[in-house]
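Here is a short tour of one protein model, meant to be read with the viewer open. Please have a look at the sequence and the fold, and then we can walk through some details together.

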Amino acid sequence: MTRSAKTISALLLVAATTGTALAAGVSAPSLGSRDFDTSRAAPLNLPAFSSKPTPVVDGDTIARAFGEGSVDNYATVTLNHDGSIEETPPSESLRALVQLMLANSGA
């Protein structure tokens, strides 16, 4: 390393240390405003929204929606990149789930 490179490195080191020390002493850190309300007991109220009751569906409605032949309507239709359409029938697990729903609904 040449003498001029050592001198430049030393000057840069001194400048970096001095600059950081001077910048830290320019102003005190901000502690923020102490004028705020600490009461958080009230919940957030949105006037445009209200809670709605959970819908109740009876067994007859389930039987109409998921009848014996309705499970075939839950096939997956895929449009391929070449423009062809592929239809995949519903899986056996979906058919079993519909059968279970029908059994539990009393239909």
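Does E92 count as buried or exposed? With a relative accessibility of 61%, E92 falls in the exposed class, since that class begins over 50%. Please keep in mind throughout that this is a predicted model.

**The overall picture**

The protein has three helices and two strands. Read from the N terminus, the order of these elements is α-α-β-β-α. The protein has 107 residues, and 7% of them count as buried. Its accessible surface comes to about 9600 Å², and carbon and sulfur atoms hold 61% of that area. Turning to contacts with a separation of 6 or more, 38% of them join residues 24 or more positions apart.

**The hairpin and its nonpolar patch**

Let us move to the strands. β1 and β2 pair in the antiparallel sense, with four bridges between them. β1 covers residues 76–79 and includes L79, while β2 spans 85–88. Five residues lie between the strands of this hairpin, and G83 there has a positive phi near 95°.

L79 of β1 has I85 in β2 as its bridge partner. These two residues also meet in another context: V77, L79 and I85 form a nonpolar patch on the surface, and together they offer about 360 Å² of accessible area. L79 itself has a relative accessible area of 64%, so it is classed as exposed. In general, side chains in a regular strand alternate between the two faces of the sheet.

**The start of helix α3**

Where does S91 sit? Its place is in the loop between β2 and α3. S91 is partly exposed, at a relative accessible area of 37%. The side chain of S91 makes a polar contact with the side chain of S93, at 3.0 Å.

Just after that loop comes helix α3, made of residues 92–105. How many salt bridges does a search of the whole structure find? The search finds one. E92 forms a salt bridge with R95, and their closest N and O atoms are 3.9 Å apart. As general background, side chains of opposite charge can pair when their charged atoms come close. E92 and R95 are three residues apart in α3, so about one helical turn separates them. While E92 is exposed, R95 is partly exposed, with a relative accessible area of 25%.

L94 also belongs to helix α3. Its relative accessibility is 26%, so L94 counts as partly exposed. Leaving aside residues up to four places away in sequence, L94 touches V71 and Y74.

Two C-alpha separations help to place this region relative to earlier parts of the chain, and you may like to check them in the viewer.

| Residue pair | Separation along the chain | C-alpha distance |
|---|---|---|
| S91 and T76 | 15 residues | 9.7 Å |
| L94 and Y74 | 20 residues | 8.7 Å |

The pair L94 and Y74 thus appears twice in this report: the residues touch, and their C-alpha atoms are separated by 8.7 Å.

Notes: Residues numbered from 1 in each chain as written. Predicted model: local features only at pLDDT ≥ 70, side-chain atom pairs only at ≥ 80, totals over all residues. Heavy atoms only, no water. Patch = residues over 30% accessible without salt bridge, like charges linked within 9 Å, V, L, I, M, F, W, Y side chains within 5 Å. Areas by Shrake-Rupley, 256 points an atom, 1.4 Å probe, with all protein chains shown as cover. Salt bridge = Lys/Arg side-chain N within 4 Å of Asp/Glu carboxyl O. Buried < 20%, exposed > 50% of the residue type's maximum accessible area, 1.4 Å probe, protein only. Contact = heavy atoms within 4.5 Å. Polar contact = N/O pair within 3.5 Å; in protein donor to acceptor, adjacent residues only side chain to side chain. Pairing = 2+ DSSP bridges.
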